[in-house]
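Trainee: I'd like to go through this one by asking why things get the labels they get. Can you take me through it?

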Amino acid sequence: MSDNTPNDTRDASGRFVKQAAETAHRLHTPSEDGVHPISKILFGWTEAEITGTAIFWGVGILSAFLIVVDLAVDRHEYVHMAEATGFYALWGFAAFAFVVLMGWPLGGLLRRSEDYYGDPGGPPADIDPDVPAAPDTSPTYPDEGDEL
């Protein structure tokens with residue numbers, strides 16, 4: 001990286017610095033709010049208020065354009081129903097809606113009940129509450145307390 005910074009340039013703490021090194025450092029150091037500078041470069045455009053609206057209308061216009069283009073395409077499908085204008089768009093939407101809506105009964109079938117792990121306020125069911133628990137004297141980490 002070439003740098004034509006004069007040799008007498010100092011930073012706020014009085015160190016001699018090169019502008020290229022400071023620029024590289026700024027590109028790798030997160031800001032006070034925890035946002036990495038590279039993420040700002042890549043995804044900063046999503047912070048604008050118009051972004052969501054522009055994407056919505058862009059996808060809508062693209063979809064309408066593709067349906068209009070579908071009118072001009074002469075298809076020879078095996079199933080006659082697939083030759084209808086916008087068939088694949090409707091078929092894809094129906095398949096997507098089916099998959100999303102099937103998550104509800106599947107979740108009911110696979111989900112555990114809320115009290116699966118017992119009463120959240122009390123002791124576990126397999127422990128006698130009248131017996132005092134022995135204190136745990138084992139270290140949290142295997143090397144805890146060892147001197148280096």
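Mentor: Let's start with aspartate 70, keeping in mind that this is a predicted model. Leaving out residues up to four places away in sequence, aspartate 70 touches Arg75, Ala84, Thr85 and Gly86.

Trainee: What makes these count as touching aspartate 70?

Mentor: Contact means heavy atoms within 4.5 Å. Arg75, Ala84, Thr85 and Gly86 are listed as touching aspartate 70, so each has a heavy atom within 4.5 Å of one of its heavy atoms.

Trainee: And why is aspartate 70 called buried?

Mentor: Its relative accessibility is 16%. Buried means under 20%, so aspartate 70 counts as buried. It is found in helix α3.

Trainee: Which other residue of α3 can we check?

Mentor: Threonine 51, which lies in helix α3 too. Here the relative accessibility is 12%. Set that against the cut-off of under 20%, and threonine 51 therefore counts as buried.

Trainee: What does threonine 51 touch?

Mentor: Trp45 and Thr46, again not counting residues up to four places away in sequence. The side chain of threonine 51 also reaches the backbone oxygen of tryptophan 45, at 2.9 Å.

Trainee: How do you know that 2.9 Å is short enough for a polar contact?

Mentor: The limit for a pair of N or O atoms is 3.5 Å, and the pair here sits at 2.9 Å, so the distance passes.

Trainee: Now leucine 27: why is it called partly exposed?

Mentor: Its value is 34%. Buried needs under 20% and exposed needs over 50%, with partly exposed in between, so leucine 27 counts as partly exposed. You'll find it in helix α1, residues 19–28.

Trainee: What makes leucine 27 eligible for the nonpolar patch?

Mentor: Patch residues need over 30% relative accessible area and no salt bridge. Leucine 27 has 34%, so it clears the area cut-off. The patch is made of Leu27, Ile38, Ile41, Leu42, Phe43, Trp45, Ile55 and Val59, with about 790 Å² of accessible area together.

Trainee: Which helix gives the largest share of the patch?

Mentor: α2, with 4 residues. Both α2 (37–43) and α3 (51–72) supply at least two residues each.

Trainee: How much of the whole chain counts as buried?

Mentor: Just 8% of the 148 residues. The chain exposes about 13,700 Å², and carbon and sulfur atoms supply 65% of that.

Trainee: And what is the order of elements along the chain?

Mentor: From the N terminus on, α-α-α-α: 4 helices and 0 strands.

Note on methods
Residues numbered from 1 in each chain as written. Predicted model: local features only at pLDDT ≥ 70, side-chain atom pairs only at ≥ 80, totals over all residues. Heavy atoms only, no water. Buried < 20%, exposed > 50% of the residue type's maximum accessible area, 1.4 Å probe, protein only. Areas by Shrake-Rupley, 256 points an atom, 1.4 Å probe, with all protein chains shown as cover. Patch = residues over 30% accessible without salt bridge, like charges linked within 9 Å, V, L, I, M, F, W, Y side chains within 5 Å. Salt bridge = Lys/Arg side-chain N within 4 Å of Asp/Glu carboxyl O. Polar contact = N/O pair within 3.5 Å; in protein donor to acceptor, adjacent residues only side chain to side chain.
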